[in-house]
Amino acid sequence: SAIVDCQSTLIANFGMPVWENPTEFMMEAVFKHEGMKYRYISREIPKDKLEVSFEGVKAMGFKGFNCTLPHKQNIIPLLDGLGESAELMGAVNCVVERDGKYIGENTDGKGYTESLKELTSIEGKTLLILGAGGAARAIAIECALEKAAKIIIVNRTGKTAKELAELVNKNTDSVGEAITLEGEVAIPANVDIVINATNIGLYPDTTKVPIDMSTLKSNMIVSDVIPNPPQTPFIQDAAARGCTTIDGLGMLVNQGKIAIKYWSDKDVNADVMREALVDLFS
Ligand code: NDP
């Protein structure tokens with residue numbers, strides 16, 4: 001009889017809170033579908049337990065882990081190195097063990113660009129991003145690395161939008177521009193891609209996204225980062241105006257698919273991941 005290693009490859013997900021985080025559900029579904037002997041385990045880890053939890057990961061030989069709020073920055077000094085976009089963003093959402101070293105990557109922005117690239121190339125495009133938090137930062141940097149021509153960042157204080165625009169200008173060939181939000185933002189006619197990267201619309205929030213929808217043109221791609229509900233009122237309104245739309249599941253599924261590629265070198269079926277989330281949110 002053959003000798004079988006009964007152990008699974010382990011991946012963790014550290015955050016606080018994580019009880020509402022659907023990633024485990026999506027990962028376990030695709031591991032099962034692909035017949036991969038991997039397990040994905042979400043744990044609520046408070047800030048002051050991150051270091052000892054990471055020691056546990058190393059001691060038990062985990063292949064890697066996702067980290068979400070509040071650990072995306074705090075994990076950095078504990079790691080052996082950073083990938084290019086994680087370094088630029090100053091945030092890590094995915095840690096990968098490579099030759100005994102734990103390297104921090106950021107797959108959030110790549111998840112977004114992957115879903116965008118299913119519809120259009122990013123090179124030479126002008127983007128407008130509403131919001132200047134973690135999701136906006138990941139999207140702006142990754143799109144800049146994909147050679148977007150211009151990235152306009154809009155937020156209420158103007159301060160973080162300006163910092164992000166400067167980061168783009170300093171470190172990439174794209175042009176970053178900041179706008180302070182007053183009332184509703186009118187979308188300039190030369191914008192190709194509009195992104196809601198705020199928390200507006202996340203269940204159960206029903207606030208309207210502060211964009212003057214009458215300024216959208218049907219040749220624009222309009223996307224939302226909100227995964228739940230997948231079809232936000234913002235996305236629905238843009239689709240009704242003839243725009244091509246991308247929902248927040250695209251980014252969530254693709255960041256996970258890219259993370260699995262890093263951990264296992266395997267290209268998994270993204271549709272299975274998407275269906276698992278649609279099931280969960282329905
Ligand atoms: P942050 O708290 O870092 O940033 C939130 C941003 O939203 C800020 O720029 C804030 O604006 C803006 N904002 C919030 N409320 C309003 C409002 N009423 N009007 C105008 N602007 C507002 O959050 P994250 O960037 O980490 O996350 C944002 C959303 O992205 C979350 O809902 C999260 O679920 C989603 N997300 C989705 C991912 C996916 O894979 N689909 C991945 C990561 C995040 P200001 O700067 O003016 O304060």
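This passage describes the domains, nonpolar cores, second largest pocket and unusual backbone positions of a predicted model.

Residues are numbered from 1 along each chain as its sequence is written, and side-chain values use heavy atoms, with hydrogens and water left out. Because the model is predicted, local features need pLDDT of at least 70 and side-chain atom pairs count only at pLDDT 80 or more, whereas totals for chains, interfaces and linings use all residues.

The domain assignment of the protein chain gives domain 1 (9–106 + 251–281) and domain 2 (109–246), the bounds being taken from an automatic or database domain assignment. The centres of domain 1 and domain 2, taken over C-alpha atoms, are separated by 25 Å, and the contact (heavy atoms within 4.5 Å) takes 12 residues from domain 1 and 19 residues from domain 2.

The largest nonpolar core, a core being a set of buried Ala, Val, Leu, Ile, Met, Phe, Trp, Tyr and Cys residues joined through side-chain atoms within 4.5 Å, has 31 residues, and those with the most contacts inside it are Y112, I129, I139, C143, I151 and I195. Buried here means under 20% relative accessible area, exposed over 50%, and partly exposed in between, with a 1.4 Å probe and protein chains only. Among the elements that give two or more residues to this core are α3 (84–89), α4 (108–117) and β7 (126–130), while α5 gives the most, with seven residues; helices (H or I, at least four residues) and strands (E, at least two) are DSSP runs numbered from the N terminus. Domain 1 and domain 2 both give residues to this core, so it lies between them. Leaving aside neighbours within four places in sequence, I129 is in contact with residues including A136, I139, I151 and I195. Apart from this core lies another, of 20 residues, among them I11, Y38, C94 and V96.

Several backbone positions were also noted. The peptide bond from M16 to P17 is cis, with omega near 5°, and P17 lies in the loop between β1 (9–15) and α1 (23–34). The peptide bond from Y203 to P204 is likewise cis, with omega near 5°, and P204 is placed in the loop between β10 and β11 (221–224). D99, although not a glycine, has a positive phi of about 50°; D99 is found in the loop between β5 (94–98) and β6 (101–105) and is exposed, with a relative accessible area of 80%.
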